[in-house]
Amino acid sequence: MIPPRADTEVAPETLRVLICDDLSPEAARVFAEYGIKPEICTGLSEDELVAKVAGVHALIVRSATKITRRVIAAADSLAVVGRAGVGVDNVDCVAATEHGVVVMNTPTGNTTTTAELAIALMVSLARHIPRADRETRAGIWKKKALTGTQLTGKQLGVIGLGRIGRVVAARGVGLGMQVVAHDPYLAGAETSPVEGTTLASLDDLLATSDFVTLHVPILDSTRNLISAERIAAMKPGARLINAARGGLVDEAAVAAALESGHLAGAAFDVLAEEPPPAGHPLVGRDDVILTPHIGASSNEAQLNVAIDIAHQVARLLLEGRADNAVNAPAVSASDLAFLAPYLNLAERMGRYLAQRLDGPVRKLEATWEGELSERDTRPLALALLSGVLGHGTDRGVNFVNAPAIAEERGLRLLEGREADAGAFQNLIKVRASTQGGGDSHLVAGTVFGRRPRFVRIDDLHVDLAPEGHMLVTDHDDVPGVVGRLGTLLGQSGLNIRRIELGKPSRSGGDPGACAQGFLQIDAQPSEAFLASVRDLDFIREARIVHLGPSIEPAGSAS
Ligand code: NAD
C-alpha cells in the first residue's frame, strides 16, 4: 500500500495494473515498454471491483469507474490510482491518501482539444453553421436569415486565463480578434501572459465583448458566475460560449436574453444538468448550439491522456516518481504511513469549523503537536483545507486544488509546531476565525488506536468521534437541559450516541455564562427539529454540524 521507493528494486512482471475504463490501446503499449502487462476489465460494479482488487498495484480509470473508499480498502497492494483526464471526482482522494495511495491525473492532455472546441463553437455561432446545415439538408435555401458576423476585429472576452483559456486567447489573436481576458489570479498584474491580449475586470469584459467564452472551474465562487444580472450587463448582441463546466451560467436567463434579443447567440458544450431535461429552455432554439460535453473528445486528447497516464503510473511503480499527483505532496513513504490516520481527523476538523463559524472561515491557525511536529505535515494542512473548503459543495475539493481555492477565498493557514502534546502523544489544534476575527472557534483532536477523536472544543474537554451529525448548542446553564433536549430528540425519533455538556473553564464560575452542548445523533435531524430546539427558552443558539460517515480506521482492511 505504500508507494514504492526509488531505492527499491521492483520486477515489472510482478506488477498488476488494472485498466478499468475504455482507454486507448496505446496505454497497454506504453506499459509494455516498461515490461508491465496490464489487465483490462472495464464496466465493473463497485462489488466486482472490490472482489478483484486484492494484489493489484495500480488502477487506471477515466470518469466511469468510481474508486470508492471500499475499493481502496480492499486493494491491499494498491500504490496508485491513475485518472486518464483531469477531474478526480470519481476517486476518493482522502481515502486514497489515508491508505498511502497516490492519485494522479493528466492535466494537460485535453487542453488544446478543448480550446479548439470553444473556437469551433465561436465560429459556428458567428456563421450559424449548425442551423445552415440543418436547413440545407431540409431543403431550405434561405441565405438572408443566415447572415453572420465576421470575427476579425471583434472583441473576444476570455473568462479564466488558465491552461485552456490561454490557448483560446492565443487562437483569438490569430483570428485577428481583440482579445481581453479576466482572471482573479492575475489581479494586479500589469500585462497579460498571452501576447497580444489585455487584462480587464469582469464588468468591463462583459460590457464590451462581442464574444464571451468561459474557461473557469466550477467553484462556489464561480457557480452562476454568468448570472441574470451579468447577462443584462453584457454588450447587446453579444454571443456566449461555455465549454468549461455546467453551473457557471444561468441557462434560463440566457434563454430569456436570447428571446428578448439582448444576446445574439449562445453555445454550450456543458450544461448544469447533462443531458438536458425535457423542456430545457435552450433546447430547440435556433440561436443556440448544444454539444454533448465533447470538449475533450478528440482522438489526440484520448491518446494523450492514455499515453500520459501509462507513463506516469509505470514511473511511479518502478521509480517511485509521482508526476501530477493530486492527493499527496511528495512526502516520504514513512511520513505518509505515520500521518495516514491523522488525515481524516484533520479533514473532519476542517468540516466542523466551517460549519461552526458564523460566516466564511478566513484564517486557520493549526498547531501540530507531539511527534507530528517532526513530520512533513503538508498532507495534514491539505486535509484541513479540504475539510473547510469542501463543506457544502458538491464538487471535488482535493489536495491539489485546495490551496488554490483557499487563496481565491482569502483563506489563510498559519502553521505552528509544538514538540510537547501535553497529555497526548500527538495532537492537532486548530483555531478558525472569520474576517477580522468576528467569530472564532477552536477544536483539538488526536487519534486513539487509529480512530480519530475530538478532545477539545473551545474551552471544553470532550471525547467525540468526528462522525455523523452533531447538535451544537449554546445554552443557559440551568437544570433540565439534557432532559428537555432528550425529550425533543426522542419525539423526533432521533437516537443520541453521545452527549458532552459543560461550561467553558474560562467562564470562571460566572452563573450567567453560557454553557455548551455537543450531542451526537444517529440520523440527520430535520429543520423542524432544529427550529423546535431553538424555541426552547434556555437555548441561546443551536446548529447542526454534519461531520460525515463513520470512519473506517486507516489500514484496517489491508
Ligand atoms: P485551469 O485550472 O488551468 O484554469 C482555470 C482558470 O480559471 C484559473 O486560471 C483560475 O484562476 C481561473 N478562475 C477561477 N475563478 C475565476 C473567476 N471567478 N473568474 C475568472 N477566472 C477564474 O483549468 P483549465 O484546464 O483551463 O480548464 C478550464 C475549465 O474547462 C475547467 O472547468 C475544466 O473542467 C473545463 N474543461 C472542460 C472540458 C469539456 O469537455 N468541455 C474539457 C476539459 C476541461
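**Entry 1: helix pairs**

I began with helix α1 (residues 26-33) and helix α11 (residues 299-319), which pack at an angle of about 25° with their axes 8 Å apart. Because angles under 35 degrees count as roughly parallel, I noted α1 as roughly parallel to α11. For handedness, I recorded the crossing of α1 and α11 as right-handed. I keep in mind throughout that this is a predicted model.

I then turned to helix α15 (residues 481-491) and helix α16 (residues 527-534), whose axes come within 11 Å and cross at roughly 160°. Since an angle over 145 degrees counts as roughly antiparallel, that makes α15 roughly antiparallel to α16. The crossing of α15 and α16 I again entered as right-handed.

**Entry 2: the ligand and its surroundings**

Next I looked up the ligand, and asked which residues come nearest to it. There are 23 residues around the ligand, and of these Arg163, Ile164, Asp183, Tyr185 and Val216 come nearest. Sorting the shell by character, I found that it divides into eleven nonpolar, eight polar and four charged residues.

I went through the polar contacts one at a time. Asp183, already listed among the nearest residues, has a side-chain N or O atom 2.6 Å from an oxygen atom of the ligand. For Asp269, a polar side-chain atom lies 2.9 Å from a nitrogen atom of the ligand. With Ala296 the protein partner is a backbone N or O atom, and that atom lies 3.4 Å from an oxygen atom of the ligand. How much of the ligand's area does the protein bury? Taken alone, the ligand exposes 860 Å², and the protein buries 85% of that.

**Entry 3: backbone geometry in two loops**

I closed with the backbone, bearing in mind that most residues other than glycine have a negative phi, and that most peptide bonds are trans.

Where is the cis peptide bond that I looked up? A cis peptide bond joins Glu274 and Pro275, with omega at about -10°. I placed Pro275 in the loop between β11 (263-268) and β12 (288-290).

The other entry concerns His128, a residue other than glycine whose phi is positive, near 50°. I located His128 in the loop between α5 (111-127) and α6 (129-137).

Terms used:
Residues are numbered from 1 along each chain as its sequence is written. This is a predicted model: local features need pLDDT of at least 70, side-chain atom pairs count only at pLDDT 80 or more; totals for chains, interfaces and linings use all residues. Side-chain values use heavy atoms; hydrogens and water are left out. A residue is near a molecule or strand if one of its heavy atoms lies within 4 Å of it. A polar contact is a pair of N or O atoms within 3.5 Å; within protein, one must be able to donate a hydrogen and the other to accept it, and residues adjacent in sequence count only if both atoms are side-chain atoms. Accessible areas come from the Shrake-Rupley method with a 1.4 Å probe; for residues, only the protein chains shown count as cover. Ala, Val, Leu, Ile, Met, Phe, Trp, Tyr, Cys and Pro count as nonpolar, Asp, Glu, Lys and Arg as charged, and the others, Gly among them, as polar. Axes are lines fitted to C-alpha atoms, for helices over the stretch in contact, and angles run from 0 to 180 degrees between N-to-C directions. Helices (H or I, at least four residues) and strands (E, at least two) are DSSP runs, numbered from the N terminus. Angles under 35 degrees count as roughly parallel, over 145 as roughly antiparallel, 65 to 115 as roughly perpendicular and the rest as oblique. A crossing is left-handed if the near helix is turned anticlockwise from the far one by less than a right angle, and right-handed if clockwise.
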